[in-house]
Amino acid sequence: MKARRLLILGGSGRLGRRLKTSLPKGNATAFFPSRADLDALSAQDLSMFLVEHSIDRCVCLAAATDVARCERDLEYASINPQIASVVSRVCTDHLVESVYISTDYVVPLLLNESANVYASSKLVAEHLALQHGSNVLRVAFTTPEQSSAWSFVNSYTRSNRAWVEDTAKALSGYILRDELSPIASLCPPETTFEDLLRARFPHHKALDCTVWSPEDMKARVGVAAPSSTCFNRVHDHEIVKHSVTKCWQ
């Protein structure tokens, strides 16, 4: 395995913080600049950083991650395509490999189903990243902080969830590979929301209020789940051939 000089953009986020402690010692020299130290939207700043630190692979975790805010603020949501475009173009210009970290939220769109603004912004970001020479990795994870507010459990989408720490460990191995795939998905281990809670928070109140069907979900939250939803069972993630099926409005 080749020793790497990595630039991790968005390293202070939920996944980035765990990635920082998951990278194996001796296999990489990794830089985790803060947003104040390096603006991922500045092509000039990014270019200077790549050259100054002899970076050979860049991992872009930086994103607009507030899903609810994306629904009401399109300017905020547009950060996702912007970052993907800038990072992939600058890295390609400097012959630096790059990996754009996307999300399983795009899967319904790839299946010609409806999704939220956040998903649309990430799918367009994927398209731009690929167009400018980057690789795309879709991840799916949840955090203990998120689960504390759950009022019911359901197992949904074609990709399965993992705790963020497990995803960070798998991601650390992936980004150190000698060869990367143009599009890949990462979600170890394959499990459901319910199983995650039973293993870590066996007395969580949400376990007493499991959603068993799309109809039940609609009754509780006011919207139906996508038809790709899988209730009460584990479903292996189907890696769908990439295509942009929705336009970023």
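Is E194 buried or exposed, and what counts as what? At 15% relative accessibility, E194 is buried; the word covers anything under 20% relative accessible area, exposed means over 50%, and partly exposed is in between, using a 1.4 Å probe and protein chains only.

Before you click on, some ground rules. This is a predicted model, in which local features need pLDDT of at least 70 and side-chain atom pairs count only at pLDDT 80 or more, while totals for chains, interfaces and linings use all residues. Residues are numbered from 1 along each chain as its sequence is written, and side-chain values use heavy atoms, with hydrogens and water left out.

**Stop 1: helix 10**

Stay with E194 and add R198 to your selection. Their side chains meet in a salt bridge, 2.9 Å from N to O. That term means a side-chain nitrogen of Lys or Arg within 4 Å of a carboxyl oxygen of Asp or Glu. Both residues sit in helix 10 (residues 193-200), four residues apart, so about one helical turn separates E194 from R198. Helices here are DSSP runs of H or I with at least four residues, strands are runs of E with at least two, and both are numbered from the N terminus. R198 is partly exposed, with a relative accessible area of 43%.

**Stop 2: helix 1**

Now select residues 14-22, which make up helix 1. Which of its residues are buried? Colour L15, G16, R18 and L19: these are the buried ones. Look down the helix axis, and you'll find them within an arc of 165°, so they line one face of the helix. (The arc is taken from the directions from the helix axis to the C-beta atoms.) Swing round to the other side, where K20 and T21 are exposed.

What do the buried residues pack against? Show strand 1 (4-9), strand 5 (135-139), helix 8 (144-147) and helix 9 (164-174), and you have the partners. Contact here means heavy atoms within 4.5 Å.

Keep R18 on screen and add E145. The two form a salt bridge, with the closest N and O atoms 3.5 Å apart. This pair links distant parts of the chain, since E145 is in helix 8 and R18 in helix 1, 127 residues apart. R18 is buried at 15% relative accessible area, whereas E145 is partly exposed at 42%.

**Stop 3: strand 1 and its neighbours**

Select strand 1 next. It is mostly covered, with five of its six residues buried. Bring in strand 2 (residues 28-31): it runs parallel to strand 1, and four bridges join the two. Two strands count as paired if DSSP finds at least two bridges between them. To see one spot up close, pick R5 and look opposite, where T29 stands in strand 2.

With helix 1 switched on as well, you have a right-handed β-α-β unit made of strand 1, helix 1 and strand 2. Right-handed means that, with the strands pointing away from you, the path from the first strand over the helix to the second runs clockwise.

Strand 3 (residues 57-60) is also parallel to strand 1, again joined by four bridges. Click L6 and its bridge partner in strand 3, R57.

**Last stop: R4 and E97**

Select R4 and E97, a salt bridge whose closest N and O atoms are 3.6 Å apart. E97 lies in strand 4 (residues 97-103) and R4 in strand 1, so the pair ties together parts that are 93 residues apart in sequence. R4 is buried, with a relative accessible area of 6%, while E97 is partly exposed at 30%.
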